[in-house]
Amino acid sequence: MEQRIKKAGVIGAGVMGATIAAHLANVRIETILLDIVPPKLTDEDKKNGLTQESPEFRNKLAKKGLNMALTSRPASFYLPEYAKRIKVGNLEDNLDWLKEVDWIIEVVVERLDIKKSVFDNVESVLSPGTIISSNTSGLSAKAMCEGRSENFRKHFAITHFFNPPRYMKLLELVPGPDTLPEVMEVLADTCERILGKGIVYAKDTPNFIANRIGIFSMFNVIRTMMELGLSIGAVDKLTGPVIGNPKSASFRTGDLVGLDTLVHVAENVYDGAPDDERRDIFQIPDFIKKMLEKNLLGEKTKQGFYKKTKDQEGKKVILSLDYNTLEYKPQEKVSLPSLEAAKNLTSTAEKIRSLYYAKDVAGQFTFKTMSETFIYAANRIPEIADDIVNVDNAMKWGFGRRLGPFEAWDVIGVAKSVEKMKGAGYQIPAWVEEMLSQGKDSFYRREGGKLFYYDVQSKEYKEVPVKPGIIFLPSLKERNMEIASNPGASLIDLGDGVACLEFHTKMNAMGDDIISMVVKAADIVSERFDGLVIANHADNFSVGANLPLILFTAQEEEWDDLDWMVKTFQDSFMKLKYLDKPVVAAPAGMALGGGCEICLAADRVRYAAETYMGLVEVGVGLIPAGGGTKEMYLRNTEHLFEVQKGGIYPKQIELMPFVARAFETIAMAKVSTSGPEAVKLGYLRPTDQMTVNRDYLIEDAKKTVLAMNMEGYVPPEPKEDIRVAGENTFAMIKLALWTMHTSGYITEHDVTVSEKVGYVLCGGNVQSDTKVSEQYLLDLEREAFLSLCGNPKTQARIQHMLTTGKPLRN
């Protein structure tokens with residue numbers, strides 16, 4: 001089936017429906033958002049002169065959903081203006097609109113009777129070949145297909161998005177009894193390549209994969225907590241980042257999801273899976289029932305397992321629930337010996353092993369909850385999925401965990417942990433026992449740069465499928481494709497004449513190792529390769545320069561050393577900018593400070609949709625000095641300076657507005673909330689392209705390099721005649737800063753730092769329309785940076801940021 005989704009219709013404008021529509025709009029799928037007509041006019045409607053025939057009244061629920069998506073935090077849209085791609089209507093007047101769409105997504109309340117009623121209406125306008133899916137989190141595809149036409153049944157599937165749809169990678173794809181294979185292919189390709197989702201193929205069982213195991217894990221954590229007498233706060237410490245889970249851990253996640261939702265999902269399993277060997281776990285504990293009665297549902301009612309309030313001094317505090325009394329109390333300091341020991345270990349794997357085999361109450365809790373989740377997950381194969389890969393991916397992508405249950409089981413040692421489990425009286429799943437008896441002691445193994453998983457059905461290891469277009473750098477290293485490396489960075493051969501510069505320091509902070517590898521990579525690529533990609537698989541591309549090193553050097557007053565460091569930084573990025581081969585940066589996550597500057601130095605940027613880019617140096621009392629200030633000036637003015645014969649510039653164009661835009665972006669340390677916003681802020685060019693699914697980012701960047709060479713790449717020429725605004729524009733910036741300071745908006749040191757930014761952007765103390773070189777602007781950058789490093793208030797800001805992770809206003 002050659003089919004591309006160009007237009008979609010979403011039915012139901014609640015939280016999920018509206019935010020799914022928003023994400024469709026993000027990726028340029030024209031979207032229709034429909035909801036019911038409100039039952040009656042409100043007093044407010046009457047006051048505004050609306051009648052029951054008014055479109056504003058009849059489309060009110062869909063419009064309300066769209067407005068909610070526009071104001072949601074985190075943002076549902078990459079850019080607010082993308083909301084214009086969504087057309088709102090209602091199911092009575094505008095049902096015919098669905099005749100023109102390629103894909104209809106039902107996102108109404110989780111009741112089978114209501115969904116069937118919606119499908120009755122949809123069938124009346126369903127065009128042949130139009131795909132229809134339900135976003136149900138647990139209802140049966142078979143039940144939803146009963147009584148439907150052949151066309152409906154063949155083109156129906158479940159597409160279960162996770163909330164919030166823009167950010168959560170998981171999409172569970174579940175076929176109906178008669179779904180055409182081509183329909184599943186179109187949905188999988190669209191959701192993966194266009195919407196950026198990780199596809200997990202689930203079976204038509206209650207709550208599918210992620211919620212089935214996730215809710216078991218949550219309710220088992222609650223039971224174990226009560227048995228061991230642990231507090232809610234202690235459990236969240238034990239089930240958070242220390243074992244590779246998000247900071248929200250168990251109960252903060254519960255508050256975000258909503259207690260009523262958790263209970264609904266648990267009851268769905270209890271009612272729908274009568275043969276589940278752990279069905280008792282899904283019974284609702286008494287204190288949870290009482291929380292429901294008291295409307296303690298979490299974020300939606302402002303109180304749940306936690307409650308945000310203010311103390312007597314007006315400071316914000318977070319109280320936690322005492323589940324014995326249902327009263328809120330100040331959070332107590334959690335002091336558990338094995339937890340503290342685990343925190344001091346380096347890797348997540350070491351931390352999990354340490355806690356799992358510990359003897360104290362934290363160890364008992366970890367052993368019991370993890371063991372029972374492992375066993376439960378193993379018993380669900382092949383009931384809910386055919387293999388362990390889909391289960392692990394569902395738990396990682398749906399709940400933001402670093403490891404799925406089978407990956408975590410491998411980490412603690414399968415054979416060793418099974419012996420411990422048996423000693424505690426647990427019954428080990430037969431297929432796991434059989435696997436161990438065959439001498440296979442792990443669920444996964446890596447050989448020759450390839451990852452294999454144990455297949456339950458064949459009882460052999462099979463290669464984990466890798467789709468074309470996904471490049472995994474560790475696999476290339478295992479296949480001896482690493483060309484050069486040091487503790488901070490590596491240069492890897494991607495094939496086809498393209499190399500990749502990978503950072504691998506903590507948070508990918510830039511220090512001597514990375515900078516030296518930048519220089520080395522440029523030399524090697526110039527001699528032996530056709531182009532360079534700058535990319536990595538870390539959560540964050542790079543958070544910028546090594547602040548502790550800068551602070552230490554400044555405090556020691558080693559100014560020559562610091563000047564050399566900054567000059568080396570600048571020179572390395574200029575080397576990339578003017579390399580005789582194309583350079584493509586591929587940022588994802590945070591690209592801050594130096595991480596942003598190296599992108600500014602690249603010929604092109606292939607950015608992930610979730611790229612948070614910014615020059616944030618002013619937050620610690622510094623200015624961008626790796627070429628960032630200079631590049632932002634050039635980015636904002638280069639369209640004015642089209643060189644004509646004889647090097648004549650259009651002097652009549654006033655530079656002030658363009659300098660002001662660059663100044664505002666740097667002085668306010670603006671950080672994009674998406675890749676498209678980075679284009680809007682000027683960090684990226686409109687010619688730079690986006691990849692929504694980060695898995696494909698490095699391959700797409702590599703293709704960009706190859707395409708640039710096919711087009712006949714010619715490196716840029718160094719800029720020697722850059723027209724600058726000069727001292728008059730700088731005087732206007734200083735006046736604006738003085739006004740803000742006297743009005744109390746900024747501190748005296750903010751003025752000092754911002755004046756340095758303005759000084760560089762205006763080209764220093766020169767007349768307007770003076771022509772300068774890039775090196776001149778770099779020298780101004782470096783001079784300003786060094787002078788600020790010597791300022792005690794800047795040093796205090798850096799120290800405060802390193803200590804607290806928060807900016808200091810002094």
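This passage describes two buried arginine residues, the internal cavities and one helix residue in a predicted model.

The surroundings of Arg148 are considered first. Arg148 is located in the loop that runs between helix 6 (141-145) and helix 7 (150-154). The relative accessible area of Arg148 is 10%; because buried residues are those under 20%, Arg148 is classed as buried. Two acidic side chains are engaged by the side chain of Arg148: a polar contact of 2.4 Å is formed with the side chain of Asp120, and another, of 2.9 Å, with the side chain of Glu123. When neighbours within four places in sequence are set aside, the residues in contact with Arg148 are Lys116, Phe119, Asp120, Glu123 and Arg153. Asp120 and Glu123 therefore appear both in this contact list and as side-chain polar partners of Arg148.

A second arginine, Arg635, is placed in helix 26, which spans residues 628-637. Arg635 is likewise buried, yet no salt bridge is formed by this residue. The nearest side chain of opposite charge belongs to Glu631, at a distance of 4.1 Å; a salt bridge requires a separation within 4 Å, and the pair is therefore not counted as one. A polar atom of the Arg635 side chain is instead found 2.9 Å from the backbone oxygen of Tyr683. Beyond residues up to four places away in sequence, Arg635 touches Cys599, Leu600, Ala602, Gly682, Tyr683, Leu684 and Arg685. Tyr683 thus provides a backbone oxygen to the surroundings of Arg635 and is also among the residues touched.

Internal space was examined next. Across the whole structure, two cavities of 30 Å³ or more are found. The largest cavity holds about 60 Å³ of space. Its lining consists of Gln570, Phe573, Met574, Lys577, Glu597, Ala601, Gly626, Gly627, Gly628, Lys630, Glu631 and Leu778. At least two lining residues are supplied by each of helix 24 (559-577) and helix 26, and the largest share, four residues, comes from helix 24. Helix 26, the helix that holds Arg635, thus also contributes to the lining of the largest cavity. Glu631, the nearest oppositely charged side chain to Arg635, is one of the lining residues.

Elsewhere in the model, Ala349 lies in helix 15, which covers residues 348-356. The relative accessibility of Ala349 is 23%, and this residue therefore counts as partly exposed. Ala349 and Glu407 are 58 residues apart along the chain, and their C-alpha atoms are separated by 9.9 Å.

Definitions and conventions
Residues are numbered from 1 along each chain as its sequence is written. This is a predicted model: local features need pLDDT of at least 70, side-chain atom pairs count only at pLDDT 80 or more; totals for chains, interfaces and linings use all residues. Side-chain values use heavy atoms; hydrogens and water are left out. Buried means under 20% relative accessible area, exposed over 50%, partly exposed in between (1.4 Å probe, protein chains only). Lys and Arg count as positive and Asp and Glu as negative; His and the chain ends are not counted. A polar contact is a pair of N or O atoms within 3.5 Å; within protein, one must be able to donate a hydrogen and the other to accept it, and residues adjacent in sequence count only if both atoms are side-chain atoms. Contact means heavy atoms within 4.5 Å. On a 1 Å grid over the protein atoms alone, a cavity is a set of points where a 1.4 Å probe fits but cannot get out, and a pocket is an open set with protein on both sides within 12 Å along at least five of seven lines; lining residues have an atom within 4 Å of a point. Grid points are joined across faces, edges and corners, and a volume is the space filled by probe spheres set on the points.
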